[in-house]
There are 2 protein chains.
Amino acid sequence: MAKSKEDVVSEFRVQSIQEAAIRVISRKGMASATMQEIAEEAGIAKGTIYLYFRDREELVEKTFETTIGELHKRLDVAFETDGTFEERLRAIITAQLGFFNENREFFRLYHSLRMPEGTSAQQRRQKRTCQPQFQARVDRLAKILKQAMDAGEVRQLDPKRLALFLIEGSTAIVLERLSEDAPPPESEDVELIVSTILGGIAISKSKRSSH
Amino acid sequence: MAKSKEDVVSEFRVQSIQEAAIRVISRKGMASATMQEIAEEAGIAKGTIYLYFRDREELVEKTFETTIGELHKRLDVAFETDGTFEERLRAIITAQLGFFNENREFFRLYHSLRMPEGTSAQQRRQKRTCQPQFQARVDRLAKILKQAMDAGEVRQLDPKRLALFLIEGSTAIVLERLSEDAPPPESEDVELIVSTILGGIAISKSKRSSH
DNA sequence: CGATACACTGACCGTTCGTTCAGCGCGGTG
DNA sequence: CACCGCGCTGAACGAACGGTCAGTGTATCG
């Protein structure tokens, strides 16, 4: 059965509410984004939101999952590119920078959900739904790193720590890019990250000396 | 003039309120930490807090500045150690890991203030007081990196981006350590970070091949 | 065209939280 | 001992917010 007219309208509403939520959270921050303002941003009444989402928590949660799903789709492609470890790493970093560049307003929501808030019951709920998304990202990168270690392409180090270091380090650069009026081309920052993580920043003594 | 008795009592109150604030924020998160609970944690009445802090914002702000001051004191020492760039870098990373290890509960507050919240007026106020603290840390590290670049010890890269990458990457590892029951010794993680940033993770082809 | 269904509205409710302030108890003073 | 000053208290207040629901407007159908 094709989508009925109601479904189309409903999907449109859900989508525009989620987009409004992302914009408001981006402006005011997670804690100060009110249902009233999200409704105004979406051009509807507050009550209408509750026809599509049970409560505020569900709105935030679903919005997060919908958008982070986009990131994961891109990463899927990057993870499955054949080629050297370096090429795959470059593809992964490029996917991340590209995603946040096109979804700059989502960044605030993403950042807020890193550490759960509220009563311990709420914290547990948030952990169940949002943390797995972060974990999945870290674990997949860690797996790639582990493979490269076993293949002798990369030094033996704790893969999880390395993945965290890389992801959060990149995130910091994304954040810097977002705050700049005229950031350098994306590829330049990708190169900085990839070359730093692969080769380090030190100039080896043999190269440094005139010899 | 020596400290009067009143001053001593007053300082004690201020300090214990700030410590209570850090503990409650650590448990509940910034947005859900109430004045009531902070007062209970400090063993005083809610109204008493207002004898020492104008309002909630000032409490948070002063608490942040007092504690981050501790970190900066340690970094001062690390920045001024003589020796090679590698030694100074190691001292800086060690100082950061050590600080957050001894102030684990402060981490939540630190993280929350990275991105300002609330109305644009509140955001401007937070930016004026908290962001300079982050900026200062980034800029100082960037300066060290620049020096090393000019000295030919380090490749020419954007120092600010490198500093951000390094600081946030380390922060991710701090966060991981805080969530672990039995984290590895601090020195191990310091080594991971320093060796990765200096030499990278790749095993160079000449070393890898049997040749 | 009148009846029915239903998405939508926004005033309203209960709750929570920051902030205030009248009053309390206690240590010091004459 | 009576009085006073003052640090402290916590009930009370108002603002703000999430969530509700009786009512309204409109599209659809007989």
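This passage describes the surfaces near two DNA strands and the packing of several helices.

The model is a predicted one, in which local features need pLDDT of at least 70 and side-chain atom pairs count only at pLDDT 80 or more, while totals for chains, interfaces and linings use all residues. Residues are numbered from 1 along each chain as its sequence is written, and chains are lettered from A and ligands numbered from 1 in the order in which they are written.

We may start with DNA strand C. It is surrounded by 15 residues, a residue being near a strand if its C-beta atom, placed from the backbone, lies within 6 Å of it. Ala45(A), Gly47(A), Gly47(B), Asp55(B) and Arg56(B) are the closest. At least two residues each come from helix 3 (46-52) of chain A and from helix 2 (35-42) and helix 3 (46-52) of chain B; helices here are DSSP runs (H or I, at least four residues), numbered from the N terminus. Helix 3 of chain A has the largest share, with four residues. Sorted by class, this surface holds five nonpolar, five polar and five charged residues, where Ala, Val, Leu, Ile, Met, Phe, Trp, Tyr, Cys and Pro count as nonpolar, Asp, Glu, Lys and Arg as charged, and the others, Gly among them, as polar.

Turning to DNA strand D, the nearest of its 15 surrounding residues are Gly47(A), Asp55(A), Arg56(A), Ala45(B) and Gly47(B). Helix 2 (35-42) and helix 3 of chain A, along with helix 3 of chain B, give two or more residues to this surface. Helix 3 of chain B gives the most, four residues. The classes here are five nonpolar, five polar and five charged.

The helix packing in chain A is considered next. Helix 8 (residues 159-179) and helix 9 (residues 186-199) of chain A have axes that come within 11 Å and cross at roughly 155 degrees; axes are lines fitted to C-alpha atoms over the stretch in contact, with angles running from 0 to 180 degrees between N-to-C directions. These two helices are therefore roughly antiparallel (over 145 degrees). Helix 7 (residues 120-150) of chain A approaches helix 8 of chain A within 8 Å, axis to axis, at roughly 120 degrees, and the pair is therefore oblique, that is, outside the ranges under 35, 65 to 115 and over 145 degrees.

Finally, in helix 8 of chain B, 15 of the 21 residues are buried (20 or more other C-beta atoms within 10 Å of their own, C-beta atoms being placed from the backbone), so this helix is largely enclosed by the rest of the structure.

Conventions: Buried ≥ 20, exposed ≤ 12 C-beta atoms within 10 Å, placed from the backbone.
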